[in-house]
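Q: Please take a close look at a single part of this protein and describe how that part sits among its surroundings. A connected account is preferred to a list.

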Amino acid sequence: MAKDDVIVFSGVIMDKLPNTMFRVKLENGHEILATVCGKMRKARIWVNIGEHVRVEMTPYDLDKGRITFVERNRATPDQPNQ
């Protein structure tokens, strides 16, 4: 299986764990353990509780994932985008 064969989900950070691990609740309701991908770690991008993230998972292990993108500046019903 090629490296490009991954499953991409959106989710919300529920909890911070040691060693840059996070508990993420996916859009389908499942909770997984996820770590920050290497490029985000190298660029020192912070991930906080409550932020929306994009997670890549391999079809072989659906309990672990890799955070590849943090969605910032999301519009809320109370506050429009600036």
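A: What follows is a close look at strand β3 and at the parts around this strand.

The model is predicted, so local features are taken only at pLDDT of at least 70 and side-chain atom pairs only at pLDDT 80 or more, whereas totals for chains, interfaces and linings use all residues. Residues are numbered from 1 along each chain as its sequence is written, and side-chain values use heavy atoms, without hydrogens or water.

First, the setting. The protein has one helix and five strands (DSSP runs numbered from the N terminus: helices are H or I with at least four residues, strands are E with at least two). From the N terminus on, the order of these elements is β-β-β-α-β-β. The five strands form a closed barrel with mixed pairing, in the order β1-β2-β3-β5-β4 (strands pair if DSSP finds at least two bridges between them). In that order β3 stands between β2 and β5.

Strand β3 covers residues 31-36, and its side chains alternate between two faces. Ile-32, Ala-34 and Val-36 point to one face and are buried (under 20% relative accessible area, with exposed over 50% and partly exposed in between, for a 1.4 Å probe and protein chains only). Glu-31, Leu-33 and Thr-35 point to the other face and are not buried. Over the whole protein of 82 residues, 23% count as buried.

On one side, β3 pairs with β2 in the antiparallel sense, over five bridges. Met-21 stands opposite Thr-35 of β3, and Val-24 has Ile-32 of β3 as its bridge partner. Of these two β3 residues, Ile-32 is on the buried face and Thr-35 on the other. The two strands form a hairpin with four residues between them. Gly-29, in the turn of this hairpin, has a positive phi of about 100 degrees.

On the other side, β3 runs parallel to β5, and four bridges join the two strands. Leu-33 stands opposite Lys-64 of β5, while the bridge partner of Val-36 in β5 is Ile-67.

Two residues already named, Val-24 and Ile-67, also stand out in the largest nonpolar core (a set of buried Ala, Val, Leu, Ile, Met, Phe, Trp, Tyr and Cys residues joined through side-chain atoms within 4.5 Å). This core has 16 residues, and those with the most contacts inside it are Val-24, Val-47, Val-53 and Ile-67. The elements that give two or more residues to the core are β1 (7-17), β2 (21-26), β3 (31-36), β4 (52-57) and β5 (64-71).

Val-47 links back to the end of β3. Leaving aside its neighbours within four places in sequence, Val-47 is in contact with Val-36 (contact means heavy atoms within 4.5 Å). The other partners of Val-47 on this count are Ile-13, Lys-16, Phe-22, Met-40, Val-53 and Val-70. Two of these, Val-53 and Val-70, are also bridge partners of each other, with Val-70 in β5. Across the protein, residues 24 or more positions apart account for 47% of the contacts with a separation of 6 or more.

Beyond β5 in the barrel order comes β4. β4 and β5 pair in the antiparallel sense over five bridges, and a hairpin of six residues joins them. Pro-59 lies in the loop between these strands and is partly exposed, with a relative accessible area of 36%. The C-alpha atoms of Pro-59 and Ile-7 are 6.8 Å apart, although the two residues are 52 positions apart along the chain.

The whole structure holds two salt bridges (a side-chain nitrogen of Lys or Arg within 4 Å of a carboxyl oxygen of Asp or Glu). One joins Glu-56 to Arg-66, with the closest N and O atoms 3.2 Å apart. Glu-56 lies in β4 and Arg-66 in β5, so this pair ties together parts 10 residues apart in sequence. Glu-56 is partly exposed at 23% relative accessibility, as is Arg-66 at 35%. Another salt bridge joins Glu-51 to Arg-72, with the closest N and O atoms 3.3 Å apart. Glu-51 lies in the loop between α1 (38-42) and β4, and Arg-72 in the segment after β5, so this pair ties together parts 21 residues apart in sequence. Glu-51 is buried at 16% relative accessible area, whereas Arg-72 is partly exposed at 42%.
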